[in-house]
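The dialogue below is meant for a reader who is meeting this structure for the first time. Please keep the sequence and the model in view while reading.

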Amino acid sequence: MADDIPRTDEEWREVLTDEEYRILREQATEPKFTGEYLGKDDDGNYCCAGCGAVLFDSETKFDSNSGWPSFYDAEESAVELREDRSHGMVRTEVVCARCEGHLGHVFDDGPEPTGKRFCINSAALDFESE
């Protein structure tokens, strides 16, 4: 990891809000239809709230009616996918490739051209306008 990324639990708690910490570091999920970026349609980039890495371009955002911001593609090499067997389900977790923060999950029911739906917690994101 880069030198400017927190390394200890204590360091993460100092730089993240309670909700960001819960989601990014403890793999929690914000309640459906409550996220700050759910209805946002401005042009720009969605970045990791933990480390600032650019994760998603607003051009890939779509309304999935799932209750969380959804994207059909991620920036190349920006995210990693991991098997998640929590809560009695098998899903694919999406984490930031730079700081390993939990972002959400990806599903195979999204629109073309990828067919993917990256279902991401707003609290795991920051937005940079273009």
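The turns that follow take up selected features by question and reply.

Q: What should be known about the model and its numbering before reading on?
A: This is a predicted model, in which local features need pLDDT of at least 70 and side-chain atom pairs count only at pLDDT 80 or more, while totals for chains, interfaces and linings use all residues. Residues are numbered from 1 along each chain as its sequence is written, and side-chain values use heavy atoms, with hydrogens and water left out.

Q: In which element is Asp 84 found, and is Asp 84 buried or exposed?
A: Helices (H or I, at least four residues) and strands (E, at least two) are DSSP runs, numbered from the N terminus. Asp 84 is found in strand 5, residues 79–84. As for accessibility, buried means under 20% relative accessible area, exposed over 50%, and partly exposed in between, with a 1.4 Å probe and protein chains only. Asp 84 counts as buried because its relative accessibility is 11%.

Q: Which side chains make polar contacts with the side chain of Asp 84?
A: A polar contact is a pair of N or O atoms within 3.5 Å; within protein, one must be able to donate a hydrogen and the other to accept it, and residues adjacent in sequence count only if both atoms are side-chain atoms. The side chain of Asp 84 has such a contact with the side chain of Ser 86 at 2.7 Å. A polar contact of 2.7 Å also joins the side chains of Asp 84 and His 105.

Q: How is Glu 20 in helix 2 to be read?
A: A salt bridge is a side-chain nitrogen of Lys or Arg within 4 Å of a carboxyl oxygen of Asp or Glu. Lys and Arg count as positive and Asp and Glu as negative, whereas His and the chain ends are not counted. Glu 20, in helix 2 (residues 18–24), is buried yet without a salt bridge, and the nearest side chain of opposite charge, that of Arg 25, is 11 Å away. The side chain of Glu 20 does reach the backbone nitrogen of Thr 17, at 2.9 Å.

Q: Where does Asp 63 lie, and which backbone nitrogen lies 3.0 Å from a polar atom of its side chain?
A: Asp 63 belongs to the loop between strand 3 (61–62) and strand 4 (70–71). Asp 63 counts as exposed because its relative accessible area is 69%. The backbone nitrogen in question is that of Asn 65. Asp 63 and Leu 38 are 25 residues apart along the chain, and their C-alpha atoms are separated by 8.2 Å.

Q: What is notable about the peptide bond between Glu 112 and Pro 113, and about phi of His 87 and Glu 100?
A: Most residues other than glycine have a negative phi, and most peptide bonds are trans. The bond joining Glu 112 and Pro 113 is cis, with omega about 15°, and Pro 113 lies in the loop between strand 7 (102–107) and strand 8 (117–120). His 87 is not a glycine, yet its phi is positive, about 60°; His 87 is found in the loop between strand 5 and strand 6 (91–96). Because its relative accessibility is 67%, His 87 counts as exposed. Glu 100 likewise has a positive phi, near 65°, and is placed in the loop between strand 6 and strand 7. Glu 100 counts as partly exposed because its relative accessibility is 39%.
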